[in-house]
Amino acid sequence: MALKITVIGTGYLGATHAAAMAELGFEVLGLDVVPEKIELLSQGRVPMYEPGLEELLGRHVAGIEGSSGRLRFTTSWEEVGAFGDVHFVCVNTPQKHGEYACDMSYVDSAFASLAPHLTRPALVVGKSTVPVGSADRLASVLTELAPAGDAVELAWNPEFLREGFAVHDTLHPDRIVAGVPSERAEKLLREVYATPLAEGSPFVVTDYPTAELVKTSANSFLATKISFINAMAEVCEAADGDVVKLAEAIGYDERIGRKFLRAGIGFGGGCLPKDIRAFMARAGELGADQALTFLREVDSINMRRRGHMVELAREALGGGPFLGKRVAVLGATFKPDSDDVRDSPALNVAGQIHLQGGQVTVYDPKGMDNARRLFPTLGYADSVAEAVRGADVVLHLTEWREFRELDPAALAAEVSVPTILDGRNALDPVRWREAGWTYRAMGRPAA
Ligand code: UDX
């Protein structure tokens with residue numbers, strides 16, 4: 001009999017995972033504790049912007065015309081317990097308020113709610129990013145609370161999807177990492193992933209701590225790579241070098257690689273910043289804090305980028321206070337193809353300039369609603385043209401395609417002063433300069 005899957009938590013990770021599992025042919029039941037989310041998803045609608053996800057849901061959510069009907073959603077733990085052979089836990093683990101450590105309360109409460117309903121053999125699979133040591137502890141919670149006792153096992157199976165590419169990354173993972181306590185658990189997890197679409201992905205079997213660490217160390221490496229190139233950008237600026245050329249040249253060395261070497265205002269979002277901080281906090285608890293002191297530097301280089309962009313803007317405006325200056329900000333989300341504004345470098349820069357008296361107007365193709373909610377006091381515009389009208393300087397802070405395809409000549413007619421600062425090194429300097437703009441980028445010579 002085919003395995004039945006449940007997915008607990010329907011954010012970016014869970015909603016995508018549930019839809020992908022249905023695409024792979026499984027019967028899937030998704031659970032969230034927020035009834036509004038369940039209502040939306042049950043209509044095949046997505047509570048966030050994620051390219052391709054709504055189409056995927058539409059193909060499988062029960063009740064939608066022409067769908068496979070394999071995917072349903074609920075708020076009932078009892079239903080989930082009765083339904084599933086394999087339960088994926090996909091709830092989020094944000095940074096604790098005012099601390100580096102991650103907040104495990106959603107994971108803890110998911111396990112506490114699920115376990116009493118596990119009355120028959122099941123595999124619980126943790127996908128959330130957690131501090132190393134959590135799986136061991138959570139396995140004991142299952143042993144203690146699950147009526148089926150030993151017949152319930154826990155596997156840890158971290159997820160590496162990127163926002164904006166969630167569907168692709170879930171259906172075509174680079175690798176599958178399985179932290180498992182037994183051959184039985186491994187076999188069951190292999191069965192889930194032994195489907196045509198996941199075929200060909202390396203399947204790495206480990207113990208719990210290694211599986212948990214794979215995720216946090218991968219994100220730490222990515223963060224380090226970005227901060228490395230941003231540190232080089234600082235040196236390039238001091239020495240009149242060009243960090244874009246430098247990144248290209250070092251990236252041709254296959255040991256280094258060209259990806260994740262885009263210098264700019266740095267990384268943000270709901271993962272990299274909080275994951276490196278939680279990793280440092282956990283290493284401290286384990287007495288291994290010295291091993292990760294470099295991550296403190298990675299974090300501080302990253303945060304410095306935002307302040308540096310504010311200073312570049314000040315310089316472009318003549319060096320004085322921002323008071324009375326009109327600053328147009330293109331981009332609010334932490335990266336393109338997402339509506340996520342969590343720890344967004346773009347909004348942070350916009351906020352700093354606003355607090356210093358600048359008249360800031362923000363435009364973003366998808367992140368406006370979330371940005372307005374988070375920073376209600378900033379100015380917002382419904383189009384690029386409206387945002388830049390009368391601007392003394394334009395800041396390009398999230399590299400949406402829409403911004404790369406702008407016509408710089410047409411835009412020059414809208415602004416007060418045609419100066420653009422490229423915080424993502426993503427615009428073509430030649431095009432902008434030829435259209436009469438003063439173009440400045442981070443880590444590159446002024447002209
Ligand atoms: C990241 C990891 O990539 C993913 O594997 C993990 O599962 C979750 O965290 P995500 O947060 O979606 O994914 O975004 P990512 O594409 O990694 O970008 C993170 C941040 O780094 C963005 O703010 C992006 O603008 C920035 N970045 C990325 C750079 O500044 N330079 C780069 O070269 C690459």
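Four bridges join strand β2 to strand β3 (residues 71-74), and the two strands run parallel; strands count as paired if DSSP finds at least two bridges between them. Helices (H or I, at least four residues) and strands (E, at least two) are DSSP runs, numbered from the N terminus. The model is a predicted one, in which local features need pLDDT of at least 70 and side-chain atom pairs count only at pLDDT 80 or more, while totals for chains, interfaces and linings use all residues. Residues are numbered from 1 along each chain as its sequence is written.

Within the β2-β3 pair, V28 stands opposite L71 in β3. Strand β2 also meets β1, to which it is joined by five bridges, again in parallel, and here T6 stands opposite L29 in β2. Between these two strands the chain passes through helix α1 (residues 12-23), and the resulting β-α-β crossover is right-handed, that is, clockwise along the path from the first strand over the helix to the second when the strands point away from the viewer.

How well covered is strand β2 (residues 27-31)? Five of its five residues are buried, a residue being buried if 20 or more other C-beta atoms, placed from the backbone, lie within 10 Å of its own, exposed if 12 or fewer, and partly exposed in between. In a regular strand the side chains alternate between the two faces of the sheet. In β2, E27, L29 and L31 are buried on one side and V28 and G30 on the other.

Helix α5 (residues 105-114) has V107, A110, F111 and L114 as its buried residues. They lie on the same side of α5, because they cover an arc of only 95° around the axis, the arc being that of the directions from the helix axis to the C-beta atoms. The face turned away from this buried side carries the exposed residues S105 and S109. Among the elements covering the buried residues of α5 are β1 (4-8), α4 (77-83), β4 (86-89) and α6 (134-145).

On a broader view, an automatic or database domain assignment gives domain 1 (4-206) and domain 2 (243-447). Contacts (C-beta atoms, placed from the backbone, within 7 Å) link 13 residues of domain 1 with 15 residues of domain 2.

Finally, an open sheet of six strands follows the order β11-β10-β9-β12-β13-β14, with parallel pairing. Its edge strands, β11 (379-380) and β14 (438-441), each pair on one side only. Four bridges connect β14 with β13 (residues 419-422), and I420 stands opposite Y439 in β14.

Definitions and conventions: Contact = placed C-beta atoms within 7 Å.
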